[in-house]
Amino acid sequence: MSEKGATAAGVSPVRALVAGHGDFAAGLVSAVQQITGRGDVFRAVSARDLSGVDLEALIDRSLTETGAVVVFTDLQAGSCTMAARRLTRNRPNVVLVAGANLPMLLDFVFADNVPPVEAARHAMERGRDAIGAIGDRK
Amino acid sequence: MSLVLYRIDDRLIHGQVVVGWGQPLDIRFIVLVDDEVARSEWEQELYRMGTPPEMDVYFHSVDDAAQALSKYREDERPGILLTGDVASMLRLVKQANSEVREVNVGGIHHRSDRKQRLRYVFLSPSEEQLLRELSDAGASVTAQDVPATHPVELSELLASEAGVQ
């Protein structure tokens with residue numbers, strides 16, 4: 001895949017965007033940084049006080065600048081998800097995962113030997129499996 | 001119950017609407033009134049995908065919405081009606097024979113011809129005029145992004161400067 005071989009000096013380490021309301025994205029990325037030291041795998045995008053048009057432009061520009069093709073967002077109906085869905089019309093290679101959580105992003109960070117799109121699918125499953133109620137004995 | 005919120009929001013369906021208002025008001029349907037979206041299957045599919053399974057979405061042009069409004073107002077379920085701009089809401093309200101008593105300004109964001117009034121409201125001079133006309137048409141206009149914040153009266157909104165709130 002084209003993702004391979006991006007090892008030349010100056011190539012962005014960013015492999016995915018994290019986008020959401022308020023400080024959701026920056027918060028998750030800072031948690032990834034604290035746990036793994038690899039917060040640089042993500043670029044955080046905030047929807048705060050942007051119109052849908054401006055938000056779409058911001059995500060689009062972030063994808064171009066970083067070369068990332070994966071976008072993690074916070075909420076199915078959220079404006080970041082809507083904006084990202086909108087731009088997949090012109091970027092059919094972009095993979096969008098809505099409902100991101102910390103276990104999901106941690107899995108993605110460590111799957112650095114597979115193409116980002118594959119890593120995103122694996123991370124999505126892992127993030128889903130990581131949800132559970134503590135002490136809930138059925 | 002019928003339509004419990006008439007909202008102007010340039011993001012149309014998004015988190016503040018389906019979760020922020022949708023949860024506390026137990027919203028079961030959304031009437032999305034936008035001429036452009038009403039013409040585009042692709043746009044409609046996008047908004048359908050963004051809507052939780054417990055809510056129905058109906059798409060209308062402004063003129064169609066005016067015709068269908070009484071049907072939605074008689075619906076037993078609580079619903080939200082959305083337009084993406086002030087002009088569409090005004091056209092609807094004028095055609096609706098004072099059925100719409102309250103209009104919520106939920107989000108009109110930065111554009112070069114607009115001046116910031118609140119954190120989430122930017123208005124051009126013509127939009128300010130249209131809001132006054134909405135008020136003159138019998139609708140009480142307030143700005144409020146989510147239920148937990150205070151509604152801002154139209155007079156206060158038009159008098160406020162950037163950075164207020």
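**Figure 1. Strands E1 and E4 of chain B run side by side in the parallel sense.** In this predicted model, five bridges hold the pairing between E1(B) and strand E4 of chain B, which covers residues 79-83. One point of register is Ile8(B), whose bridge partner in E4(B) is Thr83(B). E1(B) also pairs with E5(B), again in the parallel sense, and here over three bridges. On that side, Asp9(B) stands opposite Gly107(B) in E5(B). Strand E1 of chain B spans residues 3-9, and five of its seven residues are buried, so the strand is largely enclosed by the rest of the structure.

**Figure 2. The open sheet of chain B contains seven strands.** Their order across the sheet is E3-E2-E4-E1-E5-E8-E9, and the pairing is mixed. The edges are formed by strand E3 (56-60) and strand E9 (152-153) of chain B, each of which pairs on one side only. Strands of a sheet pair through backbone hydrogen bonds, which may be in a parallel or an antiparallel arrangement.

**Figure 3. Strands E5 and E8 of chain B run parallel.** E5(B) takes in residues 102-107 and E8(B) residues 140-143, and four bridges join them. Within this pair, Asn104(B) stands opposite Thr142(B) in E8(B).

**Figure 4. Glu41 of chain B is an exposed residue of a helix.** Glu41(B) belongs to helix H3 of chain B. Glu41(B) has 9 C-beta neighbours inside 10 Å and therefore counts as exposed, the limit for that class being 12 or fewer. Along the chain, Glu41(B) and Val103(B) are 62 residues apart, and 27 Å separates their C-alpha atoms.

**Figure 5. Chain B touches chain A through residues that include parts of two helices.** In the contact between the chains, 15 residues of chain B meet 15 residues of chain A. Helix H1 (15-21) and helix H3 (41-49) of chain B each supply at least two residues of the side of chain B that touches chain A. By type, the residues on this side of chain B are six nonpolar, six polar and three charged. For the model, the scores are ipTM 0.74 and pTM 0.84.

**Figure 6. Chain B is built from seven helices and nine strands.** Its radius of gyration is 15 Å, close to the 15 Å that the globule rule gives for 165 residues, so chain B is as compact as a globular protein of that length. The C-alpha trace of chain B spans about 40 × 30 × 30 Å along its principal axes. Buried residues amount to 40% of the 165 residues of chain B. Among contacts in chain B with a separation of 6 or more, 73% are between residues 24 or more positions apart. Chain B has a mean pLDDT of 94, and 97% of its residues reach 70 or more.

**Figure 7. A right-handed β-α-β crossover links strands E3 and E4 of chain A.** Strand E3 (residues 70-73) and strand E4 (residues 95-98) of chain A pair in the parallel sense over four bridges. Between E3(A) and E4(A), the chain passes through helix H3 of chain A, residues 79-87. Val71(A) has Leu96(A) in E4(A) as its bridge partner. The helix of the crossover, H3(A), is mostly covered, with seven of its nine residues buried. Among the buried residues of H3(A) are Ser79(A), Cys80(A), Met82(A) and Arg85(A). Of the elements of chain A, E3(A) has the highest mean pLDDT, 98, and H3(A) the lowest, 94.

**Figure 8. Chain A has five helices and four strands, and its N-terminal residues 1-9 have low confidence.** Along the sequence, the elements of chain A follow the pattern β-α-β-α-β-α-β-α-α. Of the 138 residues in chain A, 41% are buried. Residues 24 or more positions apart account for 66% of the contacts in chain A with a separation of 6 or more. The mean pLDDT of chain A is 90, and 90% of its residues reach 70 or more. Over residues 1-9 of chain A, pLDDT stays under 50, and the model has four contacts beyond four places in sequence for this stretch. Predicted coordinates should not be read in detail where pLDDT is low.

Conventions: Residues are numbered from 1 along each chain as its sequence is written. Chains are lettered from A and ligands numbered from 1 in the order in which they are written. This is a predicted model: local features need pLDDT of at least 70, side-chain atom pairs count only at pLDDT 80 or more; totals for chains, interfaces and linings use all residues. Two strands pair if DSSP finds at least two bridges between them. A crossover is right-handed if, with the strands pointing away from the viewer, the path from the first strand over the helix to the second runs clockwise. The radius of gyration is taken over C-alpha atoms; the globule rule is 2.2 Å times the number of residues to the power 0.38. A residue is buried if 20 or more other C-beta atoms lie within 10 Å of its own, exposed if 12 or fewer, and partly exposed in between; C-beta atoms are placed from the backbone. Two residues are in contact if their C-beta atoms, placed from the backbone, lie within 7 Å. pLDDT is the predictor's confidence in each residue, from 0 to 100. Ala, Val, Leu, Ile, Met, Phe, Trp, Tyr, Cys and Pro count as nonpolar, Asp, Glu, Lys and Arg as charged, and the others, Gly among them, as polar.
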